[in-house]
Protein chains: 2
Amino acid sequence: VDVNGVPTRTIRADPVAGWVEVIDQTLLPHRFEWVRLHTVDDAANAIRSMQVRGAPLIGVTAGYGLALAASADPSEAGLVAAAELLAGTRPTAVNLRWAIGGLLERLRPLTPARRSEAAWRGAAELAEHDVAVNQAIGRHGLALLRGLTPRRPGPLRLMTHCNAGWLATVDGGTALAPVYAAAAAGLQVRVWVSETRPRNQGLLTAWELSHQEVPHVLIADNAAGVLIATDQVDAVIVGADRVAANGDVANKVGTYLKALACAAHQVPFYVAAPLSTIDSSCATGAGIPIEQRGGDELRLIRGLNAAGAPADIRQVPDAGPVANPAFDVTPAHLVTALITEKGVTF
Amino acid sequence: VDVNGVPTRTIRADPVAGWVEVIDQTLLPHRFEWVRLHTVDDAANAIRSMQVRGAPLIGVTAGYGLALAASADPSEAGLVAAAELLAGTRPTAVNLRWAIGGLLERLRPLTPARRSEAAWRGAAELAEHDVAVNQAIGRHGLALLRGLTPRRPGPLRLMTHCNAGWLATVDGGTALAPVYAAAAAGLQVRVWVSETRPRNQGLLTAWELSHQEVPHVLIADNAAGVLIATDQVDAVIVGADRVAANGDVANKVGTYLKALACAAHQVPFYVAAPLSTIDSSCATGAGIPIEQRGGDELRLIRGLNAAGAPADIRQVPDAGPVANPAFDVTPAHLVTALITEKGVTF
């Protein structure tokens, strides 16, 4: 993609100098800034604090985190400790474990002296793999969207939740890949963008869609029901953080409510995710751990103050109790189709 | 109720001096301030800007608005113009029209000289009626909650949406009336409080429950699905802005999504509202107008700045398009029971 005229991806690395750079997504949509990671701790902190977010990008960042670790200490004990640190940052997204596990298996047989270079090469391959996967998801998803050509005049009206766009990946996006493919193919689309409290990743999606010139409308998460019920949505398309063996889908909290509304009104509900999101060791969604995050995500809002500078504001003044589950599980029977790099599964 | 040691209601009036005072709810939970209304325009503005909100309180405020109008111009033309102004402030809540219509019918047969006094008396009676209705709702709702005594140890776990507490009424609340009655009767209850974006009326509910010392936990609206699906909610209880003749319920946007989740998991979904909320002229929910409010309700967040003073912050930096439907309709078949002042209807 291209941001302010500069072609870029969400993550870049210099293996010789030994750094990785990611976009600090906690500052978006207010400010676009790169942050440089020098150590595996930096990488773990970036994932934990959600400077990087989105299951695919978390996986690739963790891969680069292991490369940073291998540069500092290529011993097996060092790599295992780094892998455990990274795997513990976010419990729900499974791509993280898939990326780290695969890379670790690849490094283990090598002599310590050869691990660092192999780790950087492996991380770069994870990044390239992600881009290719998302292109394929876009292609398969586009075929699906073409089949939804509206019976009435006007654009195809899609709805998404959270951000599963290029910001959530190395490039291209998962749920937004078919949207971008559709726009590129000349299909008229318009996207309802759900705010996605408490972290407001919908604002990232609106920012992305603005840059890609895809028509969109921001809504409160609460508005999904009335829009779906009054025939203003042709399909909902979301990403996934983990898919169980039976097809149950863990994704950003609030996804399940949209799936329920789709089922009640015969609106297709699509999930777009790489095959690496499927966790065959989880029989059903009940086995997927749901991350509980801190209450300050509800209490503090980041925005622009009167002077136009990014600032936090305290929305909830007292220290009253807050619960903040970050994901929910949509049962397989509510998922109309799963779009992966291999095709569409109904 | 009692705020900071001062027993109070949400609206008070001095017919002789010719003013009405309401709590400025746009400043809550950050600051508790009364605002004085001198004219029918003041009253209309207070309703439109949501300084007063909640279907029952809107109705009573409109009644007092008509009294302010009658003091200034008791002619029939003057009263009709005032009634139209007030009725046009919020299209969805029907109590507004019920209160104004009833009061207007009562003033019409009187000579202009007698209308002002009668209007103030009528508005005060509307206020008293609301308090009595809510006490009855609390009583009937309590009986319903007693039937839900949990099978496990611990409190009855209720969930509510928006604010249908004493702030939304003259006193006592509608959806929260049974909760307060339960707490007063020594039943252990705990309330999941949904933030209720974009206007965050859940923060008013949390503030109310803190003052009444009812245990509660604030959540993002998106979290309702996972909590209901994982057996952490014994019942959902909400208010209503208008109930159609067939039992369809218009309430704050997001209500419908909670009702869908309740139905999917056999969790009771209760609506508590005065009989005046039932609009027999609306055959079904499809006939209820849904208010569309301005996009700045999503773009700007009110909170406390670093100095602890109330301030707005711009959450969405650009002028991107926003849709903001303020209500949705829950079909009657998803409503387990309707609690009114006359009893419980299943």
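Here are some questions and answers on this predicted model.

Residues count from 1 along each chain as written, with chains lettered from A and ligands numbered from 1 in written order. Local features need pLDDT of at least 70, side-chain atom pairs count only at pLDDT 80 or more, totals for chains, interfaces and linings use all residues, and side-chain values use heavy atoms, leaving out hydrogens and water.

Me: What kind of axis relates chain A to chain B?
Reply: Copies are superposed by least squares on C-alpha atoms of residues with pLDDT of at least 70 in both. Chain A lands on chain B, RMSD 0.0 Å, after a 180° rotation with 0.0 Å of shift along the axis. That makes it a two-fold axis.

Me: In chain A, which residue has the C-alpha nearest the axis?
Reply: Go by the distance from the axis, which is 2.9 Å for this C-alpha. The residue is A:Leu257.

Me: How many disulfides does the whole structure have?
Reply: A disulfide needs two cysteine sulfur atoms within 2.5 Å. For B:Cys262, the nearest cysteine sulfur belongs to B:Cys162, 16 Å away. B:Cys282 also has B:Cys162 as its nearest, at 20 Å. Over all chains, the search comes back with zero.

Me: Is B:Cys282 buried or exposed?
Reply: Buried means under 20% relative accessible area, exposed over 50% and partly exposed in between, using a 1.4 Å probe and protein chains only. B:Cys282 has 7% relative accessibility. So it's buried.
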